[in-house]
Amino acid sequence: VEAGEEPLLLAELKPGRPHQFDWKSSCETWSVAFSPDGSWFAWSQGHCIVKLIPWPLEEQFIPKGFEAKSRSSKNETKGRGSPKEKTLDCGQIVWGLAFSPWPSPPSRKLWARHHPQVPDVSCLVLATGLNDGQIKIWEVQTGLLLLNLSGHQDVVRDLSFTPSGSLILVSASRDKTLRIWDLNKHGKQIQVLSGHLQWVYCCSISPDCSMLCSAAGEKSVFLWSMRSYTLIRKLEGHQSSVVSCDFSPDSALLVTASYDTNVIMWDPYTGERLRSLHHTQVDPAMDDSDVHISSLRSVCFSPEGLYLATVADDRLLRIWALELKTPIAFAPMTNGLCCTFFPHGGVIATGTRDGHVQFWTAPRVLSSLKHLCRKALRSFLTTYQVLALPIPKKMKEFLTYRTF
């Protein structure tokens, strides 16, 4: 897709509705996720079921004329036999999903010790956060349940692994706490983070593994140190509950989405509010009396860090370019709850209230050399370190994303 083209619907997956489930097992797709290497897609399809689908999607899901770019990877998997779709029955409504980074060599010892029958491979795992406060850890390749983490007293709403591959997992719950687990130590709980006064909706770890952002049903966002597990600062600026947050790939920016219809872009190092993206109504015919019509549900960065996607209750998926104040593209989607980019770009997955998942084309972009340099530098320099460099002010402004 060229920047500015409307996202096209590539495919839509709908759950088969097994009748033996009682109606209380709600059918929402609260969470969708791609594995970091892009080889698997996980879909919480309602009724306590998570589907693990090998990526790219099989031909039968994709309309004619869309050939997935990554089909060549098929040849590499021939030796091992192609991976098969798996169904994980979690026994409880599934709210949060997270894949571990991959590969993570330390995990070999862990699973080999507990499961001698599991081959000694570097093991990709999926964490599922459940309605009763449990977290179940599954081995993706086999669909086996590996660990059950207990501690939360209420719904586990979101999960996030440290991108470094250390198998540290953060969970966010309606019991108003975040918990830190170490999967290399049999899933030992190593920390409880308290301080939120409302349900915690979202947790996101910065790609450099230094910070953790958490959003609860509150106007302020909490930023924690992933080194000391202490609160660094609260970010104040939203007018209503914050429900979603994400770091840019270089950790230099943090975006938060709120029921107040705004996305705020922050500098996580200074706590400075860099800009707001306001979700105005596109269709004036829609009834304006409902204040929550544009309530935001989800925000996420694209893998190269030049775009954002947002899902709101006004039935639109919006794509934003980092430096523009209005969306560059819209797609109509009803009842959207969550969105995420494919790690190699070009596709956005969205989950809906009726248990469907949709795949949309996303802008494919060649990053400018300027942006690539900024991303490389910001991956290891804080804002303060950039400001201390003996370089022209204009360059500092660019490197700290102040030149919108």
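In this predicted model, strand β24 and strand β25 (residues 329-332) pair in the antiparallel sense over four bridges. Within this pairing, Ile 319 stands opposite Ala 329 of β25. Strand β24 also has a partner in strand β23 (residues 307-312), to which it is joined by six bridges, again in the antiparallel sense. Here Tyr 307 faces Ala 321 of β24. The link between β23 and β24 is a hairpin with three intervening residues, and Arg 315 in the turn adopts a positive phi of about 65°.

How many of the residues of β24 (residues 316-321) are buried? The strand is mostly covered, with six of its six residues buried. In a regular strand the side chains alternate between the two faces of the sheet. The residues of β24 are divided accordingly: Leu 316, Arg 318 and Trp 320 point one way, Leu 317, Ile 319 and Ala 321 point the other way, and all are buried. Two of the residues already named as bridge partners, Ile 319 and Ala 321, belong to the second of these groups.

**Two four-stranded open sheets**

Strands of a sheet pair through backbone hydrogen bonds, either parallel or antiparallel. One open sheet of four strands follows the order β14-β15-β16-β17, with antiparallel pairing. Its edges are β14 (200-205) and β17 (231-235); each has a single partner strand, so one side of each is left without a neighbour in the sheet. On average, neighbouring strands in this sheet are turned by 20° against each other, direction ignored. Strand β16 (residues 221-225) is joined to β17 by four bridges, and the two run antiparallel. Val 221 has Leu 235 of β17 as its bridge partner.

A further open sheet of four strands has the order β18-β19-β20-β21, and its pairing is likewise antiparallel. At its edges stand β18 (242-247) and β21 (272-278), each of which pairs on one side only. The average turn between neighbouring strands of this sheet is 20°, direction ignored. Four bridges connect strand β19 (residues 254-258) with strand β20 (residues 262-267) in the antiparallel sense, and Val 255 stands opposite Met 265 of β20.

The antiparallel strand pairs described so far are set out below.

| Strand pair | Bridges | Sense |
|---|---|---|
| β16 and β17 | four bridges | antiparallel |
| β19 and β20 | four bridges | antiparallel |
| β23 and β24 | six bridges | antiparallel |
| β24 and β25 | four bridges | antiparallel |

**Helix α3**

Which residues of helix α3 (residues 369-378) are buried? They are His 371, Arg 374 and Arg 378. Seen down the axis of α3, these buried residues fall within an arc of 60°, so they line one face of the helix. An α-helix has 3.6 residues a turn, so residues three or four places apart point the same way. The cover over the buried residues of α3 includes α4 (383-387) and α5 (393-399).

**Backbone exceptions**

Most residues other than glycine have a negative phi, and most peptide bonds are trans. His 47 is not a glycine, yet has a positive phi of about 55°. His 47 occupies the loop between β3 (40-44) and β4 and, because its relative accessibility is 11%, counts as buried. Tyr 229 likewise has a positive phi, near 55°, and is located in the loop between β16 and β17. With a relative accessibility of 17%, Tyr 229 falls under the 20% cut-off and therefore counts as buried. The peptide bond from Trp 55 to Pro 56 is cis, with omega near 5°. Pro 56 lies in the loop between β4 (49-54) and α1 (74-77).

**The chain and the confidence of the model**

The chain contains five helices and 28 strands. Of its 404 residues, 57% are buried. The accessible surface of the chain amounts to about 17300 Å², with 54% of it belonging to carbon and sulfur atoms. Among contacts between residues at least 6 apart in sequence, 52% join residues at least 24 apart.

The mean pLDDT of the chain is 85, and 82% of its residues reach 70 or more. Residues 67-79 have pLDDT under 50 throughout, and the model shows 12 contacts for them beyond four places in sequence. Over residues 116-121 the pLDDT is also below 50, and this stretch has six contacts in the model beyond near neighbours in sequence.

Notes. Residues are numbered from 1 along each chain as its sequence is written. This is a predicted model: local features need pLDDT of at least 70, side-chain atom pairs count only at pLDDT 80 or more; totals for chains, interfaces and linings use all residues. Side-chain values use heavy atoms; hydrogens and water are left out. Two strands pair if DSSP finds at least two bridges between them. Axes are lines fitted to C-alpha atoms, for helices over the stretch in contact, and angles run from 0 to 180 degrees between N-to-C directions. Buried means under 20% relative accessible area, exposed over 50%, partly exposed in between (1.4 Å probe, protein chains only). Contact means heavy atoms within 4.5 Å. Accessible areas come from the Shrake-Rupley method with a 1.4 Å probe; for residues, only the protein chains shown count as cover. The arc is that of the directions from the helix axis to the C-beta atoms. pLDDT is the predictor's confidence in each residue, from 0 to 100.
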